[in-house]
Amino acid sequence: MTDKLKLYLDLIRWNRPAGWLLLLWPSLAALWVAAGGFPGWHLIAVFTLGTILMRSAGCCLNDVADRDFDKHVKRTANRPVTSGRIGTKEALWVGAVLALCAFGLVLTTNTAAIQWSFAALAVTLIYPYAKRYVSMPQAVLGVAFSFGIPMAFAAVQSDVPLLAWGLLLGNLFWVLAYDTEYAMVDRDDDLKIGMKTSAITLGDRDVPAIMGFYGAYLLIWAWLLNAPQQGAWFWLAWVASAAQVVWHYFLIRHREREGCFKAFRQNHWLGFSVFVGVVLSYGVA
């Protein structure tokens, strides 16, 4: 493997798949809901590969936008763009190519999904700069990280019903939960450089707020998916998800950097549990 390829893989966080898994599980769950069951291998492949590509493109843009801030943060100081090992134009070109590849996948779906992909791209472009002006930029990230949901409905039904937006709202609360945990890791550094984050805005209310965000996510999805009519497998998956929320409380309650970062990195298992619950609700009597 060449040194340049290693840098590119570092740029897109290839060794940290938790990032794209956080986007993937709600998108796949939405595909199942929209299709009323198995959505077909074509759409699964499109959304899986598209999620990986767009998350990678977003990393390129984010690192360029934050390069002057990241050098003051312990966790991000050695990122390729921040450290100067990759230039800003080169990083943007890499991101553009990845985004174009993702768009190529969308072109294999339908007109509705293609049209909504431009809105998804717009939110992706906005987020890196929201941290300078919005006191809760995690809400903007929540929209960006949840846009696979309306995209999934558009790809399956050629329409985005109210249900899709309700699921997006619920998923936004999940993003608020895990990205606030993430922001708690860097809170001291962010305060010094003037970065706005939910961890700073919430202050000592951060932990109870995160628990509330998790609860809102699980309750909204359970309500919209008509949980009372679902079988035991669905509820078992939801219990597993709730148990993980309790575990996260014990990880973050002392606001220690290591515990908060571990909670963030393990969130993809919570998303996976919800996804499994959705799949089982359609596939198991």
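Which residues have the most contacts inside the largest nonpolar core? In this predicted model, they are Phe47 and Trp221, and the core they belong to has 88 residues.

## Nonpolar core

Helix α2, which runs over residues 18-35, gives the most to this core, with 13 residues. Trp221, one of the two residues with the most contacts inside the core, can be followed through its neighbours. Apart from residues up to four places away in sequence, Trp221 touches Pro26, Ala29, Ile149, Leu167, Gly170, Asn171, Trp238, Val274 and Val278. Among these partners, Pro26 and Ala29 have numbers that fall within the 18-35 range of α2, and Val274 and Val278 have numbers within the 267-283 range of α15.

## Helix α12

Trp221 is also one of the buried residues of α12. This helix covers residues 206-224, 19 residues in total. At 1.5 Å a residue it should span 27 Å, and its end C-alpha atoms are 27 Å apart, so the expected and modelled spans agree.

The buried residues of α12 are Asp206, Val207, Ala209, Ile210, Phe213, Tyr214, Ala216, Tyr217, Leu218, Ile220, Trp221 and Ala222. An α-helix has 3.6 residues a turn, so residues three or four places apart point the same way. Buried positions in this helix that can be read with that spacing in mind include Ile210, Phe213, Tyr217 and Ile220. After α12 comes Asn226, whose phi is positive, near 55°.

## Aromatic pairs

How many aromatic pairs does a search of the whole structure find? The search finds 21. In one of them, Trp32 and Phe38, the ring centres are 5.9 Å apart and the planes stand at 70°; the pair is edge-to-face because that angle is over 60 degrees. The two partners differ in burial: Trp32 is buried, with a relative accessible area of 10%, whereas Phe38 is partly exposed at 45%.

Trp32 and Phe38 also belong to one aromatic cluster, together with Trp25, Trp41, Trp269, Phe272 and Phe275.

## Salt bridges

The count of salt bridges comes to 5. In one of them, Arg16 is paired with Asp10, and the closest N and O atoms are 3.7 Å apart. Both partners are partly exposed: Arg16 has a relative accessible area of 37%, and Asp10 has one of 25%.

Another salt bridge joins Asp63 to Arg13, with the closest N and O atoms 2.8 Å apart. This pair links distant parts of the chain, since Asp63 is in helix α3 (residues 41-65) and Arg13 is in the loop between α1 (3-11) and α2, 50 residues apart. Asp63 and Arg13 are both buried. A further bridge is formed by Asp206 and Arg187, where the closest N and O atoms are 2.7 Å apart. This pair, too, links distant parts of the chain: Asp206 lies in helix α12 and Arg187 in helix α10 (residues 187-193), 19 residues apart. Asp206 is buried, with a relative accessible area of 0%, and Arg187 counts as buried because its relative accessibility of 14% is under 20%. Elsewhere, salt bridges that share partners join Asp10, Arg16 and Arg85 into one network.

## Positive phi angles

Most residues other than glycine have a negative phi, and most peptide bonds are trans. Arg13 is not a glycine, yet its phi is positive, about 60°. This residue lies in the loop between α1 and α2, and it counts as buried at 7% relative accessibility. Arg13 is thus described by both its backbone angle and its salt bridge with Asp63.

Arg255 is likewise not a glycine and has a positive phi of about 60°. Its place is in the loop between α13 (232-252) and α14. Is Arg255 buried or partly exposed? Arg255 is partly exposed, with a relative accessible area of 34%.

## The loop before α15

Gln266 is found in the loop between α14 (257-265) and α15 (267-283). With a relative accessible area of 19%, Gln266 is buried, because the limit is under 20%. Leaving aside neighbours within four places in sequence, Gln266 is in contact with Gln244, Trp247 and His248.

Notes. Residues numbered from 1 in each chain as written. Predicted model: local features only at pLDDT ≥ 70, side-chain atom pairs only at ≥ 80, totals over all residues. Heavy atoms only, no water. Helix = DSSP H or I, 4+ residues; strand = E, 2+ residues; numbered from the N terminus. Buried < 20%, exposed > 50% of the residue type's maximum accessible area, 1.4 Å probe, protein only. Contact = heavy atoms within 4.5 Å. Core = buried A, V, L, I, M, F, W, Y, C linked by side-chain atoms within 4.5 Å. Phe/Tyr/Trp six-rings, centres within 6.5 Å; stacked < 30°, edge-to-face > 60°. Expected span 1.5 Å × (residues − 1). Salt bridge = Lys/Arg side-chain N within 4 Å of Asp/Glu carboxyl O.
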